[in-house]
Amino acid sequence: MEAPDPWPLRHLVLHSPRLELRPDDDAGLLELAEEARRGVHPPEVMPFVAAWTDVDPDERARSVLRYHWERRATLRPEGWSVHFLVRRGGCVVGVQELQAEEFGLTREVGTGSWLGMRHQGDGIGTEMRAAVLMFAFDHLGADLARSGAFADNPASLRVSEKLGYRPDGTTTRARRGRRAVEVRLLLERAAFRRPDWALQADGVAGCLPALGVTRG
Ligand SMILES: CC(C)(COP(=O)(O)OP(=O)(O)OC[C@H]1O[C@@H](n2cnc3c(N)ncnc32)[C@H](O)[C@@H]1OP(=O)(O)O)[C@@H](O)C(=O)NCCC(=O)NCCS
């Protein structure tokens with residue numbers, strides 16, 4: 001019998017009409033770091049709870065590598081965070097995270113994402129979130145997906161709204177040393193407003209044990 005692949009995520013690929021999503025690899029992370037260096041949002045807004053973008057561009061790029069290496073290294077079936085690098089026309093334009101704790105029991109996932117500023121506003125954010133939702137609901141067997149965005153982040157809130165999420169209360173956060181309201185969002189499988197395209201997912205079966213997916 002062949003030995004199991006110690007890192008089956010390298011074979012996982014999600015294809016949507018314009019995008020290809022793969023769990024992060026080092027060559028792609030360097031491209032993602034360059035997107036971060038170029039800029040993720042205007043300086044007057046802060047879409048993230050941890051204000052990781054509030055540093056000089058070179059440090060921002062290095063922090064992308066540190067963060068993703070750390071998350072990749074700590075992936076376990078009991079708790080994981082997969083950072084899909086999002087490529088359009090072969091180039092990394094941003095990242096779409098899908099995470100879960102004890103997925104085999106909870107059947108719940110969470111998402112987070114960002115795109116390089118120059119790639120925003122063209123429907124990519126919606127397409128990449130829809131792609132990982134289809135992966136979670138249809139391939140992993142998720143029942144529910146959660147997300148969240150600051151009340152002053154209309155683009156992210158709109159992406160969630162378009163896909164069928166409903167508000168699920170708020171959380172008060174400290175952001176840049178001030179109070180800020182985060183809107184929690186929840187999407188049940190049946191409420192998912194599916195796009196009019198089908199997801200092609202390759203390399204899924206080998207990843208299921210690594211993601212704690214149990215059948216039944
Ligand atoms: C959030 C993000 C991933 C969305 O990706 P995107 O490709 O820009 O989003 P899309 O183009 O798919 O959709 C954005 C929607 O928000 C709407 N929108 C954008 N800015 C808006 C504004 N200021 N007011 C109202 N609506 C707005 C767009 O019109 C679009 O809705 P529509 O399709 O109904 O017209 C991206 O903008 C981003 O990376 N932002 C910076 C980081 C960030 O906020 N990450 C999320 C943290 S929770």
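## A tour from strand E8 outward

Begin by selecting Ala149 together with Val183, since Val183 in strand E8 is the bridge partner of Ala149. What you have open is a predicted model, and every stop below should be read with that in mind.

Now widen the selection to residues 144-150, which form strand E6, and to residues 178-188, which form strand E8; the two strands pair in the antiparallel sense, over 7 bridges. Keep E8 in view and add residues 166-175, strand E7, which also pairs with E8 in the antiparallel sense, here over 8 bridges. At the end of this pairing, select Arg175 and you will find it standing opposite Arg178 of E8. E7 and E8 make a hairpin with 2 residues between the strands, and in that hairpin Arg176 takes a positive phi near 45 degrees.

Follow the chain onward to Pro195, which sits in the loop between E8 and strand E9, the latter covering 200-202. Is Pro195 buried, exposed or partly exposed? It counts as partly exposed because it has 19 C-beta neighbours inside 10 Å, where 20 or more would make a residue buried. If you also select Glu34 and draw a distance between the two C-alpha atoms, the viewer should show Pro195 and Glu34 to be 30 Å apart in space, with 161 residues separating them in sequence.

Turn next to a pair of helices, selecting residues 124-140 for H4 and residues 154-163 for H5: they pack at an angle of about 50 degrees, with their axes 10 Å apart. That angle makes H4 oblique to H5, and H4 passes H5 in a right-handed crossing. To see the contact itself, show the side chains of Gly125, Thr126, Arg129, Ala130 and Leu133 on H4, and of Ala155, Val159, Lys162 and Leu163 on H5. By residue class, this contact of H4 with H5 divides into 5 nonpolar, 2 polar and 2 charged residues.

For the last stop, select residues 19-23, strand E2, which is mostly covered, with 4 of its 5 residues buried. Adding residues 13-15 brings in strand E1, which runs antiparallel to E2 and is joined to it by 2 bridges; these two strands form a hairpin with 3 residues between them. Within this pairing, Leu14 stands opposite Leu21 of E2. Finally, extend the selection to residues 79-88, strand E3, with which E2 pairs in the antiparallel sense over 5 bridges, and pick out Glu20 with its bridge partner in E3, Arg87.

Methods
Residues are numbered from 1 along each chain as its sequence is written. This is a predicted model: local features need pLDDT of at least 70, side-chain atom pairs count only at pLDDT 80 or more; totals for chains, interfaces and linings use all residues. Two strands pair if DSSP finds at least two bridges between them. A residue is buried if 20 or more other C-beta atoms lie within 10 Å of its own, exposed if 12 or fewer, and partly exposed in between; C-beta atoms are placed from the backbone. Axes are lines fitted to C-alpha atoms, for helices over the stretch in contact, and angles run from 0 to 180 degrees between N-to-C directions. Angles under 35 degrees count as roughly parallel, over 145 as roughly antiparallel, 65 to 115 as roughly perpendicular and the rest as oblique. A crossing is left-handed if the near helix is turned anticlockwise from the far one by less than a right angle, and right-handed if clockwise. Two residues are in contact if their C-beta atoms, placed from the backbone, lie within 7 Å. Ala, Val, Leu, Ile, Met, Phe, Trp, Tyr, Cys and Pro count as nonpolar, Asp, Glu, Lys and Arg as charged, and the others, Gly among them, as polar.
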